[in-house]
Amino acid sequence: MNGERPRWAQISGWGMYVPERVLTNADLARVVDTSDEWIVSRTGIRERHIVSDERETTATMAVRAARRALRVANLAPSQVDLVIVATTMPDYPFPATACLVQDALGAARAGAFDLSAACSGFIYALSVASSFIRSGSADHVLVIGSETLSRMADWTDRNTCVLFGDGAGAVVLSASTERCGVLASELGSDGSGGELLIVRAGGSRAPANYNTVSNGEHYLRMNGREVFRFATTIMPKATEAVVRSAGWQLADLDLVIPHQANIRIIESSIKRLGLPPEKCFVNVERYGNTSAASIPIALCEAVAQGRVHPGDKLVLVGFGAGLTWAAAAVEWGVPVPAKPKPGLRVLTDFLFGWAGVRSLWRRTTRHVYNWILGPVGKDDWRGRMRQRADRLRKGSGK
Ligand code: COA
């Protein structure tokens with residue numbers, strides 16, 4: 001690491017994953033009182049991907065996206081310094097989903113934490129990761145947005161269940177001495193609007209109990225009209241602010257990648273900015289709103305479709321519960337398509353496989369230690385060993 005020369009955080013790898021199962025508007029119309037016509041005309045969404053296997057979670061999707069991002073970056077998991085997972089739907093209240101991801105990847109040297117800023121979470125995480133890199137505290141950071149909102153949706157509430165989908169997107173941010181990557185970011189919040197998009201129970205205010213469950217308080221609730229009004233105002237403002245911070249003009253932008261919540265919000269924001277529609281990337285029709293995963297998924301698809309080139313000026317911009325908003329100005333710095341190194345890829349795939357063995361080994365040794373040392377700890381472990389050996393000799397086996 002070099003603490004003296006200016007460092008920049010460039011996107012060196014990217015990857016996405018969505019569950020196989022596709023839920024169309026027609027499927028939804030069989031569950032709630034809605035129609036394909038209503039959903040398409042009000043939101044632009046035609047289908048979304050939904051987890052169907054209970055073993056598929058925010059962490060497992062994050063791992064799949066992250067592996068793809070590491071392969072593109074030609075990076076071994078052990079080279080990652082930090083894993084940040086932006087999510088509203090972690091696997092558990094704790095441990096952090098990022099720790100599960102770190103273990104599954106075999107990123108043995110990495111710190112790991114979750115970041116909660118709802119749909120703005122990925123850009124918040126990108127900004128934090130960029131600061132780690134620019135300060136010299138990290139060289140490679142995995143930034144992941146992963147969500148399983150289908151498990152927070154009330155499938156009897158047509159106001160919300162039609163909007164959301166599941167998935168994960170990841171980028172690797174790596175230190176660079178060239179001025180590129182994340183050049184500026186703008187983060188904001190207005191907690192006075194917290195009630196507008198909320199899950200009321202499951203936290204310290206209303207821990208899970210019979211009443212919270214039977215009242216459906218663990219489901220996401222939303223005031224759609226208010227959120228819509230907020231979103232159409234804040235997206236253009238945040239975009240303008242980050243463009244200014246990066247020292248750019250709006251006309252310089254090559255592509256805006258907005259949070260994919262609703263086509264009407266996106267179109268209104270782009271119009272307010274005076275940008276032509278072709279400068280905006282949209283894929284909401286196929287994924288719905290995947291919250292913190294929506295922007296990295298859109299970025300991956302934009303790259304795959306040849307919409308991003310070295311030197312391009314991008315703005316990523318989002319809004320969400322909190323209320324929160326965030327924007328990042330990114331100058332693309334690496335070739336697309338990515339140039340994989342075949343030998344390294346074989347090694348990386350081996351290391352991904354090895355990560356499972358490593359994790360199993362660590363769990364097993366922990367169990368064995370626990371069995372030998374017992375609950376008291378290691379102070380009198382020799383005595384305990386002797387006792388166990390005596391019992392085994394006497395044939396009790398305990
Ligand atoms: N199918 C059919 N009708 C529906 C429906 C559905 N899935 N959901 C709501 N409706 C009904 C409402 O009940 C309402 O009926 P009413 O007038 O009889 O009460 C009617 O449609 C119109 O509701 P309205 O709120 O005016 O619709 P809208 O044009 O504002 O669109 C949203 C609703 C939710 C699509 C829109 O407000 C929105 O996108 N808001 C932002 C949401 C968002 O982005 N959230 C995530 C933030 S990260």
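Helices (H or I, at least four residues) and strands (E, at least two) are taken as DSSP runs and numbered from the N terminus. The model described here is predicted, so that local features need pLDDT of at least 70 and side-chain atom pairs count only at pLDDT 80 or more, while totals for chains, interfaces and linings use all residues. Residues are numbered from 1 along each chain as its sequence is written.

The shell around the ligand, in which a residue is near the molecule if its C-beta atom, placed from the backbone, lies within 6 Å of it, comprises 20 residues, of which Thr34, Arg158, Gly224, Phe228 and Ala261 come nearest. The elements giving two or more residues to this shell are α2 (36-43), α6 (158-161) and α8 (224-245), and α8 gives the most, with five residues. By class, where Ala, Val, Leu, Ile, Met, Phe, Trp, Tyr, Cys and Pro count as nonpolar, Asp, Glu, Lys and Arg as charged, and the others, Gly among them, as polar, the shell divides into ten nonpolar, seven polar and three charged residues.

Helix α8 also packs against helix α9 (residues 263-273), the two axes coming within 9 Å and crossing at roughly 40°; axes here are lines fitted to C-alpha atoms, for helices over the stretch in contact, and angles run from 0 to 180 degrees between N-to-C directions. That angle makes α8 oblique to α9, given that angles under 35 degrees count as roughly parallel, over 145 as roughly antiparallel, 65 to 115 as roughly perpendicular and the rest as oblique. The crossing of α8 past α9 is right-handed, a crossing being left-handed if the near helix is turned anticlockwise from the far one by less than a right angle, and right-handed if clockwise. With contact defined as C-beta atoms, placed from the backbone, lying within 7 Å, Phe228, Ala231, Thr232, Met235, Pro236 and Thr239 of α8 meet Ile265, Ser268, Ser269, Arg272 and Leu273 of α9. This contact has six nonpolar, four polar and one charged residues.

A second helix pair is formed by α3 (residues 58-72) and α4 (residues 97-105), which pack at an angle of about 50° with their axes 9 Å apart. The angle makes α3 oblique to α4, and α3 passes α4 in a right-handed crossing. From α3, Thr58, Ala59, Ala62, Val63, Ala66 and Arg67 meet Thr97, Leu100, Val101, Ala104 and Leu105 in α4, and by class the contact has eight nonpolar, two polar and one charged residues.

At the level of domains, whose bounds come from an automatic or database domain assignment, the protein is divided into domain 1 (8-331) and domain 2 (342-394), and the C-alpha centres of the two lie 37 Å apart. The contact takes ten residues from domain 1 and ten residues from domain 2. On the side of domain 1 that touches domain 2, α3 and α4 each supply at least two residues, and the residues of that side divide into five nonpolar, two polar and three charged.

Several backbone features were also noted. Most residues other than glycine have a negative phi, and most peptide bonds are trans. In the loop between β4 (82-86) and α4 lies Pro95, and the peptide bond from Phe94 to Pro95 is cis, with omega near 5°. The peptide bond from Gly322 to Leu323 is likewise cis, with omega near -5°, and Leu323 is found in the loop between β12 (313-320) and β13 (324-331). Asn74, in the loop between α3 and β4, has a positive phi of about 55° although it is not a glycine.

Notes: Contact = placed C-beta atoms within 7 Å.
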